[in-house]
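Biologist: Could you take me through the aromatic pairs in this one? I'd like a close look at how the rings sit against each other and where they come from in the chain.

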Amino acid sequence: MDAGVEARLRAGDVTFGVDDAALLRAIAESGSVSAAASELGRSRSRALTRLETLESAFGSLVERRRGGSDGGGSRLTDTAHDLLARFDRLCAAVSGTAQASETVVEGTVTERTGELALVETAAGTVRALVDENAAVDSAVQVSIRADAVTLHAPDDAPAGGATSARNRFRGTVTGLDVGTAVASVTLAVGTASPLVALVTVESVERLALAVGDEVVASFKATATRATTV
């Protein structure tokens, strides 16, 4: 399946992301699931359902108390605080690494519609945002952010029309730089410069990536920018 770099933690089939962290923090601040849900513009039932899903995967996260001298309420468990700490470390790692990683691919504009253009590259056709000077037949450089690249096992890659990430290159893993939370994956896709994908370590493990593996890399047109050479 996919291996995007958006900060998220996974346990089985359940992922913990930004919205989940916001819910836990709102509960900690307000001392109530109802108040937290209201603050975030969600229904109480939706918040409770999401908590049940998260707790089925990550363990007890919220301790609910009824009555008592303090009137009851809800508070986060130690497990929840640990989960938030792990998530914060992952977000920091992703943010710190993502800013520096980018692949530049040479190509020629073959078609343009407004701010979008089709660019022919050695790896195939790319849909990209273009600058105002990029006319048809212009030579351009297409910049692809590493944090915007999603990786798939070849057999699990969705059809081109089934996702908004319509750009896709088939390539071979030539390098893996695995950190504590984030990994940089280098792919040979037929271009002069290798394509770099920034993904979580959990994604690398889930895909069982190794040098020599074939993968499909996909990315959205809005994650690319073509500028005239």
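Modeller: Sure, let's start with Phe219, which is buried, its relative accessible area being 0%. Keep in mind that this is a predicted model. The ring partner of Phe219 is Phe169, with 5.5 Å between the ring centres and 75° between the planes, so this pair counts as edge-to-face; the cut-off for that label is over 60 degrees. As for where they come from, Phe169 belongs to strand 10 (residues 167–178) and Phe219 to strand 13 (residues 214–219), so the contact ties together parts 50 residues apart in sequence. Phe169 is buried as well, at a relative accessible area of 2%.

In total, the structure has three aromatic pairs. Another of them joins Phe16 and Phe58, again edge-to-face, at 6.1 Å centre to centre with 70° between the planes. This one also links distant parts of the chain: Phe16 is in strand 2 (residues 14–16) and Phe58 is in helix 3 (residues 44–58), 42 residues apart. Buried or exposed, you may ask, for Phe16? Phe16 is buried, with a relative accessible area of 0%. Phe58 has a relative accessible area of 15%, and it counts as buried because the cut-off is under 20%. These two rings also have company, since Phe16, Phe58 and Phe87 make up one aromatic cluster.

Definitions and conventions. Residues are numbered from 1 along each chain as its sequence is written. This is a predicted model: local features need pLDDT of at least 70, side-chain atom pairs count only at pLDDT 80 or more; totals for chains, interfaces and linings use all residues. Side-chain values use heavy atoms; hydrogens and water are left out. Rings of Phe, Tyr and Trp (its six-membered ring) pair if their centres lie within 6.5 Å; planes under 30 degrees apart count as stacked, over 60 as edge-to-face and the rest as tilted. Helices (H or I, at least four residues) and strands (E, at least two) are DSSP runs, numbered from the N terminus. Buried means under 20% relative accessible area, exposed over 50%, partly exposed in between (1.4 Å probe, protein chains only).
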